[in-house]
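Me: I would like to learn how to read ring pairs and pockets in a model. Could you take me through them with an example?

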Amino acid sequence: MQYENMLKHDDSSAENVARRLIFLRKYLCISQKQFAIDLNTSAQHVSNWESARNRLSLQGALAIVEVYGVTLDFLFLNRYDTLPAQMRSAWLVFNRKDDK
């Protein structure tokens, strides 16, 4: 039973990671193009990550951590308690809106 619950709520799934990437980009008020420039990658990579067509690589995640100061725990495990207070509050609001 516990294993089944884990499968239903996989925080590290490509779709859930994509939601957190979309949140981060919107929170920062930047376009996919600017996000890509900041990360030294292509806008197509960003689009593929955000649509969950491609899974965010460790290399991409480390670039996000370095440039934007979020943690791998947030990106892959939804550990929003690792976010700065203002960003954490915004994540909780974003998550609430998304659940409706």
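**Pocket and aromatic pairs**

Reply: In this predicted model, α4 (43–50) and α5 each supply at least two residues of the lining of the largest pocket.

Me: Which element gives the most to that lining?

Reply: That is α5, with three residues. The lining includes H45, W49, Q59 and A63.

Me: How is the space in such a pocket found, and what is the character of the lining?

Reply: Rolling a probe the size of a water molecule over the atoms shows where empty space is left. Here the largest pocket holds about 150 Å³ of space. Its lining residues divide into three nonpolar, six polar and one charged.

Me: Turning to the rings, how many aromatic pairs are there in the whole structure?

Reply: A search finds seven. In one of them, F23 and F94 are tilted, with 5.5 Å centre to centre and 55° between the planes. F23 belongs to helix α2 (residues 14–27) and F94 to helix α7 (residues 85–99), so this pair ties together parts that are 71 residues apart in sequence.

Me: Are F23 and F94 buried or exposed?

Reply: Both are buried.

Me: Why is the pair of F35 and Y68 called stacked?

Reply: Planes under 30 degrees apart count as stacked. The planes of F35 and Y68 are at 10°, with ring centres 5.3 Å apart, so the pair is stacked. Since F35 lies in helix α3 (residues 32–39) and Y68 in helix α5 (residues 58–68), the pair ties together parts 33 residues apart in sequence. F35 counts as buried at 1% relative accessibility, and Y68 counts as buried at 16%.

Me: Which residues do ring pairs link into a cluster?

Reply: The cluster links F23, Y27, F74, W91 and F94.

How values were computed. Residues numbered from 1 in each chain as written. Predicted model: local features only at pLDDT ≥ 70, side-chain atom pairs only at ≥ 80, totals over all residues. Heavy atoms only, no water. Phe/Tyr/Trp six-rings, centres within 6.5 Å; stacked < 30°, edge-to-face > 60°. Helix = DSSP H or I, 4+ residues; strand = E, 2+ residues; numbered from the N terminus. Buried < 20%, exposed > 50% of the residue type's maximum accessible area, 1.4 Å probe, protein only. 1 Å grid on protein atoms, 1.4 Å probe; cavity = no way out; pocket = protein on both sides within 12 Å on 5 of 7 lines; lining within 4 Å. Points joined across faces, edges and corners; volume = space filled by probe spheres on them. Nonpolar A, V, L, I, M, F, W, Y, C, P; charged D, E, K, R; others polar.
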